Amino acid sequence: MDLLFGELKKDQKIMLRRKAPYLLLSLSLIMTFFLYLKGLNGDYIFDDPANILDNQKIAITSLDYISLKSAWYAGDAGPLGRPISMLSFALNHYFTGFSPYYFKLTNLLIHLINGLFVFIISLKIFQWISHQYQSIQIKLAIYLACLVCLIWLIHPLNLTSILYVVQRMTSLSSLFGLLALAIYCIWRTGSIAWFNTILAVSGIMISLFASILSKESGFLFIPLIYWTELIIFQCKNLKFQPIYLQKIKLSHILWCGVVVGGLFFIYLLPPYLNPANFAGRGFSLEERLLTESRVIFYYLKMFFYPLLSDLSLYHDDFFISKSIIEPITTLYSLVGLIGISVVCILLIKKHPMLIFAWGWYIISQLLESTFISLELIHEHRNYFGTIGFIITTTYYLGQIKNKKIKPFLYFLISIYVANLAWITWQRSEIWSNLVDHAVYEAAMHPSSDRANYQLARIYMKLMQLYPEQQSNYALLANKALSQSKKSYNPANGAWFAELHLDSYLKKPIKQQTINELILRLKYEPFQNSNISFLSAFTICQIESFCYVPHDQAVQILFAGIENKSVDNKVKSELYKLLTQYYIGVISDYQKGEEFMQYAVALHDDVNGRLIFSQIYRLQGQTLHAEKQLQKAKQLDTDKVWIKEIAIEQHNIENMIRSKGKS
């Protein structure tokens, strides 16, 4: 009997040992969910409203082909429009409306799925390394993979990819990219039969395609798979023997591929190096490249030593490098980048995991932290880039076998994980309340234009919600706007907000504010945000909420057109705003037509022709309206504007019928 109980206990221990890793994995997922749970109650932030709430094409009410196609083409970010991400937003709206809670919940579920893929990738890498080098015990591989998954899931640097709704573009692209990498690792460490290979290649190709259509950073998973093969699997078979193709080592072919890929990369560069691409930015190409050398180390600091005060939605207060020695940290950063790369190359045979981690990170930053005219710094750009560092660090920790050191090591790991969880929970708590979030961001980043501008907007909303405290909130809003104006490299939001604020308070519009705004719009680099500011200003004037005198309002709108850095497409949008202003404020249809002629001459698009059609219809000129509508149909080759065109067609037909009756 004792023998029987002994056998049962032994079996239970074996079962528990087998289940333990999956229990730890489940606990990691549950822990991550609860860390972010409070943050799901937060609101839309930054450019979420512009990309989601103001985008009528994703506000679908049915799942018919036309609605889904309209949502597919609803995006204008990036060269591809990121259709899968836009479609996911549309499906979110269809099932849950525009409630930010469910948009953020969807992001969190995507993040948890990504965590599972990180676990699979890590596990396969550790198992391969264990068999090849015997540097870590095979039974330890699954526990190390759990640790990698946990650290990545709860790291506070990843928070913006979850609670900043529009950054689903990053996490969704990563989901498909990590799936492709996971499929590759499973296929590479298993039996490479023809059927398995066909399935794997098909799965990888489909996943990569979906990743790219979610966000262009999905392209980076192609070199990441390539890099994983070169450094981890090293072009060896399951017996760890070199793979040959026509008597040539596969590794030699792939390393030649790196050189060819580098040359191809250089070949693609010229269009992106055009100084005109940076006309709407507050920096040149040279300044961007120099600054990004410092940004990389700032990212690494936030990853290895995260501080709540560093982590932020807004990093527009990051000083731009004007030269290699201004600031001097630019030189240090460039030397650091070269130095780390050289050390990793020198140690490639003895410590291949070092170059694996460093190469993985550099690859992850190739698009968004180099030559493309994007904003300088955003935390979500590190979403999948840090995985290599976690795998490598965990790998070296797994090699420590000293029994005296192990308890201390476990204690340090526990403290580090607890600290990550604590910071993430704190950030999630802060992000759960729009007011607290705005106050915190402005306090931590007093030189940030965006942080102070957002704080002012919050106070202006509170001023309307609580009229009994109007004077107090107005004072706080003015203080935040003043701080925004004095911030590092400010945009024009604070000046426009002052016009709104003074109009709401029925105060005289400050001439100084108008003069400064006109000069800034005319002579400063014309940032993309100016279109949104000018659009909001135009609507404010049309709806009589703003009281800027007519002549000065026109000067403000014209100032952007006179800016030498503005291209034809942007000028076209500005002329459309002038059209809306003249018709909406003073009912001057003749001027409206004149401005629309300029708009379509500069950039002919469906939206412009629809506006033209509406102008003629409102004047009762249905024949001219029909002609413009036909041009809109011709321009809408992808049938993206089919609903808007149908509405305008219906309105024209109604006017014709009403004329016939009269």
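**Entry 1: a pocket**

I started with the second largest pocket, which has a volume of about 740 Å³. The model I am looking at is predicted, so I keep that in mind throughout. I then asked which residues lie nearest the centre of this pocket. They are Leu140, Tyr143, Leu144, Leu147 and Tyr410, out of a lining of 29 residues. Next I looked up the elements behind that lining: helices H1 (2–37), H5 (100–133), H6 (141–154), H15 (387–398) and H16 (405–431) each give two or more residues to it. I also sorted the lining by type and got 19 nonpolar, six polar and four charged residues.

**Entry 2: the core**

From the pocket I moved to the largest nonpolar core, which has 187 residues. Which residues have the most contacts inside this core? I found Phe126, Phe356, Phe496, Leu499, Leu534 and Ile556. I picked Phe356 for a closer look and left out residues up to four places away in sequence. Phe356 then touches Ile125, Trp227, Thr228, Ile231, Ile232, Gly388, Ile391 and Thr392.

**Entry 3: two buried residues**

I went to Thr160 next, which lies in helix H7 (residues 160–163). Is Thr160 buried or exposed? Its relative accessible area is 2%, and because buried means under 20%, Thr160 counts as buried. Setting aside residues up to four places away in sequence, I listed what Thr160 touches: Gln167, Glu379, His380, Arg427 and Trp431.

Tyr581 was my other stop, in helix H24 (residues 568–586). At 1% relative accessibility, Tyr581 is buried too. I looked up its contacts, again without neighbours within four places in sequence, and found Thr538, Gln541, Ile542, His550, Ala553, Val554, Leu557 and Ile586. I also checked Tyr581 against Ala71, which is 510 residues away along the chain; their C-alpha atoms are separated by 29 Å.

**Entry 4: salt bridges**

How many salt bridges are there? My count comes to 17, and I followed a few of them.

Glu375 and Arg450 meet through their side chains at 2.5 Å, N to O. This pair links distant parts of the chain, 75 residues apart: Glu375 sits in the loop between helix H14 (352–364) and H15, while Arg450 is in helix H18 (residues 449–465). I checked how open each partner is: Glu375 is partly exposed at 23% relative accessibility, and Arg450 is partly exposed at 25%.

Lys485 and Glu498 form another salt bridge, at 3.0 Å, N to O. Lys485 lies in helix H19 (residues 470–485) and Glu498 in helix H20 (residues 493–504), so this pair ties together parts that are 13 residues apart in sequence. Here I noted that Lys485 is partly exposed at 21% relative accessibility, whereas Glu498 is buried at 9%.

I also looked at Lys510 and Asp502, whose side chains meet in a salt bridge at 2.9 Å, N to O. What is the relative accessibility of Lys510? It is 38%, so Lys510 counts as partly exposed. Asp502, by contrast, is buried, with a relative accessible area of 3%.

My last lookup was a network: salt bridges that share partners join Glu573, Lys576 and Asp605.

Definitions and conventions: Residues numbered from 1 in each chain as written. Predicted model: local features only at pLDDT ≥ 70, side-chain atom pairs only at ≥ 80, totals over all residues. Heavy atoms only, no water. Core = buried A, V, L, I, M, F, W, Y, C linked by side-chain atoms within 4.5 Å. Buried < 20%, exposed > 50% of the residue type's maximum accessible area, 1.4 Å probe, protein only. Contact = heavy atoms within 4.5 Å. 1 Å grid on protein atoms, 1.4 Å probe; cavity = no way out; pocket = protein on both sides within 12 Å on 5 of 7 lines; lining within 4 Å. Points joined across faces, edges and corners; volume = space filled by probe spheres on them. Helix = DSSP H or I, 4+ residues; strand = E, 2+ residues; numbered from the N terminus. Nonpolar A, V, L, I, M, F, W, Y, C, P; charged D, E, K, R; others polar. Salt bridge = Lys/Arg side-chain N within 4 Å of Asp/Glu carboxyl O.
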